[in-house]
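Hello,

Here is the structure for you to look at. My notes on it follow below.

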Protein chains: 2
Amino acid sequence: MADFENIAKQFVEYYYKTFDNDRTQLAPLYGEDSMLTFEAAPHQGVASIVGKLQDLPFEQVQHQVSTLDAQPADATGAILVVVSGVLLVEAEQRPMSYTQTFHLKPKDGSYYVFNDIFRLVYPAA
Amino acid sequence: MADFENIAKQFVEYYYKTFDNDRTQLAPLYGEDSMLTFEAAPHQGVASIVGKLQDLPFEQVQHQVSTLDAQPADATGAILVVVSGVLLVEAEQRPMSYTQTFHLKPKDGSYYVFNDIFRLVYPAA
């Protein structure tokens with residue numbers, strides 16, 4: 001498996017484990033130039049992004065990853081990661097499909113999330 | 001509306017109009033370093049990508065875009081575009097949900113698709 005695929009898998013595993021356990025702990029994964037578009041709502045910078053995640057109207061949440069695709073995004077080591085999966089939320093009777101795209105950029109020997117776009121996907125018919 | 005949002009919308013409109021009309025005409029939108037991951041199958045370069053699109057097992061197809069999100073992807077003008085929507089294929093009795101992520105990079109005063117990741121999204125429950 002190529003390096004970028006390993007990094008993508010490790011990132012996604014860590015990201016959702018952290019999200020589902022205590023999503024305020026995701027702050028170190030973002031930077032001041034990071035962008036999140038969550039269900040069309042745009043946020044930029046660590047405080048705005050983590051504030052948005054904290055304000056999501058659920059306490060218990062579980063992400064189950066169905067598919068994970070990764071590609072190198074440029075010559076500097078950036079990686080594009082696309083996840084599709086299922087979201088289980090305390091108050092919901094049924095799971096919801098979602099897709100999330102991360103654009104990871106290298107920084108100080110590790111990676112941070114530069115672009116983050118999240119959307120629920122509703123059944124087609 | 002920001003420039004990158006206008007460009008993303010125009011690109012997505014043109015891309016699917018061309019795809020649904022004659023998908024071999026998508027070749028100019030890709031370059032030799034472009035990557036496509038289509039339902040986990042990886043392709044690189046114009047010939048491989050357009051070959052894959054040509055070989056898809058349908059003749060009549062229609063994309064209906066449900067959501068479109070865009071973010072600037074770097075300081076050079078690159079744009080990250082995430083689409084969710086519905087695919088209507090001749091042989092299928094029911095529409096299929098999909099998500100597609102494009103990483104557009106500027107080239108010669110226009111844009112080309114550097115990264116392209118496509119996935120069908122199945123109902124969660």
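Strands β4 (residues 79-89) and β5 (residues 96-107) of chain B run antiparallel, joined by nine bridges. One pairing to look up: Val82(B) has Thr101(B) in β5(B) as its bridge partner. Bear in mind that this is a predicted model.

Both strands belong to an open sheet of six in chain B. The order is β2-β1-β6-β5-β4-β3, and the pairing is mixed. At the edges stand β2 (41-44) and β3 (61-72) of chain B. Each has a single partner strand, so one side of each lacks a neighbour in the sheet. From one strand to the next, the twist averages 15°. As a reminder, strands of a sheet pair through backbone hydrogen bonds, either parallel or antiparallel.

Two helices of chain B lie across strands of this sheet. Helix α1 (residues 3-22) of chain B crosses β1 (30-38), β3, β4, β5 and β6 (110-121). Its direction is at about 160° to β3(B). Helix α2 (residues 46-55) of chain B lies across β1 and β2. The angle between helix α2 and β1(B) is about 40°.

Now the two chains. How does chain B map onto chain A? A rotation of 180° with 0.0 Å of shift along its axis superposes chain B on chain A, at an RMSD of 0.0 Å. That is the relation of a two-fold axis. In chain B, Pro123(B) has the C-alpha nearest the axis, 2.7 Å from it. Both copies use the same surface: 100% of the contact residues of chain B recur in chain A.

Best wishes

Note on methods. Residues numbered from 1 in each chain as written. Chains lettered and ligands numbered in written order. Predicted model: local features only at pLDDT ≥ 70, side-chain atom pairs only at ≥ 80, totals over all residues. Heavy atoms only, no water. Least-squares fit on C-alpha atoms with pLDDT ≥ 70 in both. Contact = heavy atoms within 4.5 Å. Pairing = 2+ DSSP bridges. Helix = DSSP H or I, 4+ residues; strand = E, 2+ residues; numbered from the N terminus. Axes fitted to C-alpha atoms, helices over the stretch in contact; angles between N-to-C directions.
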